[in-house]
Amino acid sequence: MLWIFLGILFVTIALGLPIAFGLGVAAVVLAVLSDIPLSILIEQSVRGVNNFPLLAIPFFILVGEVMSTGGIARRLMELAGALVGFIRGGLGQVAITGSMFFGGISGSAVADTAATGSMMIPSMKQQGYSAPHATAINTVSSVIGIIIPPSIPLILFGIVTETSISRLFIAGIVPGLLIGFGLMVTTFIMASFGGSAGQTRKFRLDLLWQAFKAAWLALVLPVIVIGGIIGGVFTATEAAVVALLYSLFISLVFYREIRLRDLWGMLIRTARLTGMVLLLLAFATVIAWFLTINMVPQTLVRQVQAITQEPFLLLLIVAALLLLVGFVMDLTPAMVIMAPMLTPIVTTVGVDAAYFGVLMAFILGIGLLTPPVGTCLYVGCGVGKVSMESLVKAMLPYYAALLVVLVILIAFPGIVTWLPDLTAVRGN
């Protein structure tokens with residue numbers, strides 16, 4: 001059954017059919033071969049999207065839209081400049097820190113690449129960065145946005161594996177900061193050894209204070225989201241609604257950089273992206289049901305356990321597999337297809353599900369940065385106006401940095417699990 005599904009999926013991808021429709025075709029073929037009424041497929045697909053936590057996705061997508069056009073993202077980038085612009089690497093450090101701020105609100109790597117790249121790359125070019133180097137820094141730092149909460153991939157993982165989304169969010173905080181630190185160290189080293197470092201600015205407390213005063217309302221947003229979840233005030237889904245209401249309030253009332261008529265375009269873009277995600281999830285739920293009734297996950301667990309039951313070695317094998325998947329499949333379909341199959345394998349050897357969710361999001365996030373299907377890579381090329389070849393070459397040191405961080409997270413899982421264990425956050 002698994003090989004039939006994979007064969008159909010690869011054929012549809014080779015024919016250029018969107019993955020969501022490829023999953024639909026595979027579901028129909030499997031139903032016909034199994035003599036299962038098609039009405040059951042409809043029931044299963046509806047069950048896949050009839051899930052309250054899914055409401056968080058359109059709300060967080062819309063928050064990202066409001067941030068990009070409502071002045072929030074720009075103020076956060078200005079604060080990042082005042083905070084770390086004096087470190088060797090200059091605007092490169094600013095771009096990475098800005099992505100950490102932005103990722104703590106939007107939850108989307110693609111949105112991060114487009115928003116921060118359009119603001120930072122022209123300035124970095126003016127200060128001596130080559131176009132590929134400037135684009136590489138802004139593109140690679142976008143992976144932080146899907147680890148630091150809120151995170152749309154972590155929401156999907158929580159739904160398809162029935163893992164607490166709130167716990168996943170809290171588990172992503174420390175790894176996200178570690179990824180940002182690793183990229184900042186890489187930028188510092190490259191600047192120290194003759195890379196296109198650009199100029200640094202002197203640290204001035206008065207400028208930092210001015211930037212903080214301009215951005216403090218925006219900084220309250222991640223505090224509300226994360227603090228509310230940790231404090232048990234609201235769930236991750238409810239946090240999405242609070243984040244949207246707050247971002248709209250400060251953008252309309254205080255910053256006044258968007259108007260009510262701008263909301264229509266934001267709603268249209270949000271609906272399109274949400275529709276793509278939900279259609280994909282609906283068909284993926286059907287496939288997951290087919291695989292489950294045919295005992296595919298259980299069979300995979302037994303086969304992998306026959307190879308090794310050592311958590312470290314098992315996670316290395318799974319990480320290598322996910323890196324290969326990330327080369328040929330976008331993050332969202334890879335998450336909804338692979339998570340239900342792989343999570344039982346790792347949890348049977350004692351691996352925490354929330355830890356694995358963060359690890360899986362990070363690994364598939366690396367796939368967003370690699371050819372041939374890396375979405376963020378293509379967005380970066382468009383924003384930075386550089387060729388794919390030159391961008392990939394400039395990103396090589398950052399690929400190495402991400403792999404080093406990945407090995408650290410696999411070797412020391414406590415880095416991920418200690419904070420959610422400390423806060424005991426488990427509700428959705």
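Helices here are DSSP runs of H or I with at least four residues, and strands are E runs of at least two. By this assignment the protein chain has 21 helices and zero strands. The radius of gyration of the protein chain is 21 Å, and the globule rule gives 22 Å for 428 residues, so the chain is as compact as a globular protein of that length. The model is a predicted one. The C-alpha trace spans about 70 × 50 × 45 Å along its principal axes.

Burial and contacts were computed for the whole chain. Of its 428 residues, 54% count as buried. Among contacts with a separation of 6 or more, 79% join residues 24 or more positions apart. The protein chain exposes about 17600 Å². Carbon and sulfur atoms supply 70% of that area. Charged side chains number 19 positive and 15 negative. The centres of these two sets lie 14 Å apart.

Nonpolar packing was examined next. In soluble globular proteins, nonpolar side chains tend to be buried together. The largest nonpolar core of this model has 143 residues. Those with the most contacts inside this core are Leu-23, Ile-179, Ile-337, Phe-356, Met-360, Phe-362 and Leu-402. Helix α20, residues 388-411, gives the most to the core, with twelve residues. A second, separate core has five residues. Among them are Leu-79, Ala-82, Ala-211 and Ala-215.

Ile-337 belongs to the group with the most contacts inside the largest core. Not counting residues up to four places away in sequence, Ile-337 touches Phe-5, Leu-9, Leu-23 and Met-329. Of these partners, Leu-23 is also listed in that group.

Helix α17 spans residues 331-347 and contains Thr-343. The relative accessibility of Thr-343 is 7%. The cut-off for burial is under 20%, so Thr-343 counts as buried. Leaving aside neighbours within four places in sequence, Thr-343 is in contact with Phe-157, Thr-161 and Phe-356. Phe-356 also appears among the residues with the most contacts inside the largest core.

Helix α8 covers residues 131-140. Eight of its ten residues are buried, so helix α8 is largely enclosed by the rest of the structure. The buried residues of α8 include the nonpolar Ala-134, Ala-136, Ile-137 and Val-140. His-133, Thr-135, Asn-138 and Thr-139 of α8 are buried as well.

Note on methods: Residues are numbered from 1 along each chain as its sequence is written. This is a predicted model: local features need pLDDT of at least 70, side-chain atom pairs count only at pLDDT 80 or more; totals for chains, interfaces and linings use all residues. Side-chain values use heavy atoms; hydrogens and water are left out. The radius of gyration is taken over C-alpha atoms; the globule rule is 2.2 Å times the number of residues to the power 0.38. Buried means under 20% relative accessible area, exposed over 50%, partly exposed in between (1.4 Å probe, protein chains only). Contact means heavy atoms within 4.5 Å. Accessible areas come from the Shrake-Rupley method with a 1.4 Å probe; for residues, only the protein chains shown count as cover. Lys and Arg count as positive and Asp and Glu as negative; His and the chain ends are not counted. The place of a charge is taken as NZ of Lys, CZ of Arg, CG of Asp or CD of Glu. A nonpolar core is a set of buried Ala, Val, Leu, Ile, Met, Phe, Trp, Tyr and Cys residues joined through side-chain atoms within 4.5 Å.
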